[in-house]
Amino acid sequence: MDAGMNTSTHLKAQARCPLQEHFLPRKSSKENLDRFIPNRSAMDFDYAHYALTEGRNGKDQVAAAVSSPSREAYRKQLAETMNLNHTRILAFRNKPQAPVELLPTDHSASLLHQQPKSVKPRRYIPQTSERTLDAPDIVDDFYLNLLDWGSANVLAIALGHTVYLWDASSGSTSELVTIDEEKGPVTSINWAPDGRHVALGLNNSEVQLWDSGSNRQLRTLKGCHQSRVGSLAWNNHILTTGGMDGQIVNNDVRIRSHVVETYRGHTQEVCGLKWSGSGQQLASGGNDNVVHIWDRSAASSNSTTQYLHRLEEHTSAVKALAWCPFQANLLATGGGGGDRTIKFWNTHTGACLNSVDTGSQVCSLLWSKNERELLSSHGFTQNQLTLWKYPSMVKMAELTGHTSRVLYMAQSPDGCTVASAAGDETLRFWNVFGVPETAKKAAPKATHEPFSHVNRIPRNIVSPTRKQDMYRVLSVSLSQPRISSLHSNQSSTEGEMGKEMESPKEQSSYTVEQLVAVNPFNPEILPDLENYVNEQVTSQTYSLDANLCLLRLYQFEPERMNTHIVARILLKALMAMPAPDFSLCLFLIPERVQMEEQFKTLIVLSHYLETGRFQQFWDEAAKNRHILEAVPGFEQAIQAYASHLLSLSYQKVPRSVLAEAVNMDGASLDKFIEHQVANSGWIVAKEDGSIVLPQNEFNHPELKKNTGENVSLEHIARIFPILG
């Protein structure tokens with residue numbers, strides 16, 4: 001403590017600070033006397049001898065040689081650097097002590113008690129593979145994907161027409177299937193999320209689904225493509241396939257008519273497919289040097305699917321794709337032999353964040369699950385694996401051993417080991433990503449629940465004391481893996497989180513609204529808020545506070561803004577009319593975003609609704625149905641708002657006016673009126689078919705309550721002197 005430091009220590013600290021040297025008391029030493037006696041210990045005798053004998057001649061020569069100010073400046077700089085700029089021979093004072101510190105005394109005293117910072121030891125990265133297996137007959141084709149490691153710790157590899165399974169837990173090898181000559185060879189392979197079922201893409205355009213536990217074929221998907229299927233990607237029950245015909249097809253494996261969406265954008269073979277961690281965006285790379293970003297929500301609402309972004313900065317085929325596990329909107333892509341670069345993209349805006357020239361063909365990319373690191377595999381000339389530190393992109397290690405281009409890589413479920421297969425017909429295993437920390441281990445879960453890393457309690461008022469507990473639990477929960485509390489079998493990680501709290505009674509956490517109220521500017525909750533918006537859409541619920549919090553976070557981190565999420569927020573706000581939610585949300589959106597076509601449309605629709613011009617609203621809505629259909633229940637919500645507005649304006653509304661307001665006619669209008677008669681007290685007039693609306697203080701002013709207040713003359717009299 002500063003107050004507890006003794007006087008001698010304080011004076012020593014002050015003596016080391018050059019800013020306070022002139023405040024020290026004078027000492028009885030020679031340097032403080034008034035007699036000019038040279039101090040021999042402070043003199044440079046070698047320089048003194050030079051200055052008295054040769055220095056004057058040298059200065060005269062230099063003065064004669066100097067012909068310009070620049071030469072004179074150079075000479076002075078050189079003299080200062082070489083310590084030749086002395087002006088005196090004799091010295092009368094001691095040399096000043098070298099400054100020990102440059103901080104004020106209070107800071108220096110506190111630094112004396114500081115503990116040294118712990119330095120994280122550098123991880124050892126083995127330069128050789130820890131295991132090598134033979135892979136005879138593996139197809140040496142850059143555009144195929146023949147290796148994958150499933151969540152059950154089983155590695156699948158296609159060697160020619162045969163698929164083999166290698167169990168990493170036991171080290172055993174088994175044959176899954178050998179494809180017929182007229183159908184094969186196998187051109188792609190990908191495990192389902194359950195780790196039991198595996199999909200095989202074939203050269204004859206078919207896709208087969210197999211059960212690895214029973215070695216049984218489940219079904220064959222036909223009619224998706226016209227030629228070989230070189231890439232596969234699972235998204236829960238959706239199997240996405242990419243073919244040489246340039247098409248991308250989403251297949252729902254649960255139903256007979258499995259083709260549910262088709263993406264058209266590539267003009268040549270699709271050689272890379274990867275779904276984002278949230279399952280909302282799909283990245284595709286092709287032999288046409290193009291990367292496309294597709295949005296799943298846009299695809300489900302529109303028959304003619306349009307890509308979200310078209311990225312054309314690569315100059316060669318793009319097969320290597322990898323979504324960042326710690327930043328949802330970050331995608332890494334690698335180009336072929338004519339490009340040789342790794343590029344990083346913000347998939348929300350389509351901006352290229354960085355580009356790194358690797359010097360060789362990029363065949364595959366993998367992110368570390370435990371560190372901010374990226375592993376790339378390459379072709380000619382070194383056929384190496386390169387480990388990069390992100391975001392600096394400094395090379396941490398280069399792993400060599402393959403003698404041909406390293407076409408395929410797969411990562412173990414724990415994220416530690418990487419398997420690589422190359423045209424040299426070897427399969428090598430590298431312990432490149434190290435051992436994950438215990439705190440980072442968590443059981444995989446099939447679906448992500450918004451704010452699933454904390455438990456839920458009923459909504460209630462939070463006291464100040466309770467808020468302190470929430471801050472503590474929130475800081476713990478955000479540092480832990482996200483685990484759904486909806487599962488009955490809680491994992492061990494949840495038990496460890498419980499130990500952080502004092503008693504089982506306090507073992508509770510919080511709803512979305514409470515977390516937003518406690519820590520609204522924490523960027524860690526941004527992905528969860530985005531997922532919560534999607535949950536509002538699917539479950540047809542609404543939370544204005546959570547949506548406003550997300551828009552505010554976008555203001556602080558505009559590069560992470562997802563315009564599709566913003567559009568959904570505005571649509572939900574329109575559905576809340578006549579509440580002013582749309583205006584509240586719009587004020588938090590930058591003008592450059594509002595200038596996009598979809599937001600211009602929403603602003604026009606909002607204006608029509610606010611002014612009661614329903615005919616114009618429905619006409620504009622019909623032109624932009626692809627935007628509005630992204631949110632279920634939108635049309636019904638607007639019809640309810642129109643009915644509410646009519647009830648405030650009419651005592652008896654003609655049928656034609658009602659039909660125009662709710663955009664209905666015929667049988668659908670009759671059904672709507674019947675529903676309102678049964679639930680809202682509407683009455684259908686027998687004489688003309690018009691609708692008599694329930695009485696309220698707006699359509700019947702006589703029902704309006706008198707809200708006037710009686711003000712005594714005594715209070716009014718006090719104002720008169722002021723007015724006078």
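Asp424 is buried but makes no salt bridge: the nearest side chain of opposite charge, Arg428, sits 4.8 Å away. The cut-off for a salt bridge here is 4 Å between a Lys or Arg side-chain nitrogen and an Asp or Glu carboxyl oxygen. Keep in mind that this is a predicted model.

So what does Asp424 touch, leaving aside residues up to four places away in sequence? His402, Thr403 and Ser404. With Thr403 there's a polar pairing too: the backbone nitrogen of Thr403 lies 2.9 Å from a polar atom of the Asp424 side chain. As for its place in the fold, Asp424 belongs to the loop that runs between β27 (418-422) and β28 (426-430).

**Backbone oddities**

A few spots are worth a look if you check torsions. Two peptide bonds are cis, one between Phe380 and Thr381 with omega at about 20 degrees, the other between Met577 and Pro578 with omega at about 15 degrees. Thr381 is in the loop between β23 (373-378) and β24 (385-389), while Pro578 is in the loop between α11 (563-575) and α12 (581-586).

Then there are the positive phi values:

| Residue | Phi | Where |
|---|---|---|
| Asp137 | near 70 degrees | loop between β1 (131-134) and β2 (147-149) |
| Asn383 | near 55 degrees | loop between β23 and β24 |
| Asn236 | near 60 degrees | hairpin of β10 and β11 |
| Gln540 | about 55 degrees | just after α9 |

Are Asp137 and Asn383 buried or exposed? Asp137 counts as exposed because its relative accessibility is 55%. Asn383 has a relative accessible area of 10%, so it counts as buried.

**The β10/β11 hairpin**

Asn236 brings us to its hairpin, which has two residues between the strands. Strands β10 (residues 229-235) and β11 (residues 238-243) pair in the antiparallel sense over six bridges. One pair to pick out is Ser231, which stands opposite Gly242 in β11. β10 is mostly covered, with seven of its seven residues buried.

**Helix α9**

Gln540 comes just after α9, a helix of 14 residues (526-539) that reaches 20 Å from its first C-alpha to its last, close to the 20 Å expected at 1.5 Å a residue. How many of its 14 residues are buried? Eleven, so α9 counts as mostly covered, with buried meaning under 20% relative accessible area. Among them are the charged residues Asp528 and Glu530, along with Leu526, Leu529, Tyr532 and Val533.

Note on methods
Residues numbered from 1 in each chain as written. Predicted model: local features only at pLDDT ≥ 70, side-chain atom pairs only at ≥ 80, totals over all residues. Heavy atoms only, no water. Buried < 20%, exposed > 50% of the residue type's maximum accessible area, 1.4 Å probe, protein only. Helix = DSSP H or I, 4+ residues; strand = E, 2+ residues; numbered from the N terminus. Pairing = 2+ DSSP bridges. Polar contact = N/O pair within 3.5 Å; in protein donor to acceptor, adjacent residues only side chain to side chain. Contact = heavy atoms within 4.5 Å. Expected span 1.5 Å × (residues − 1).
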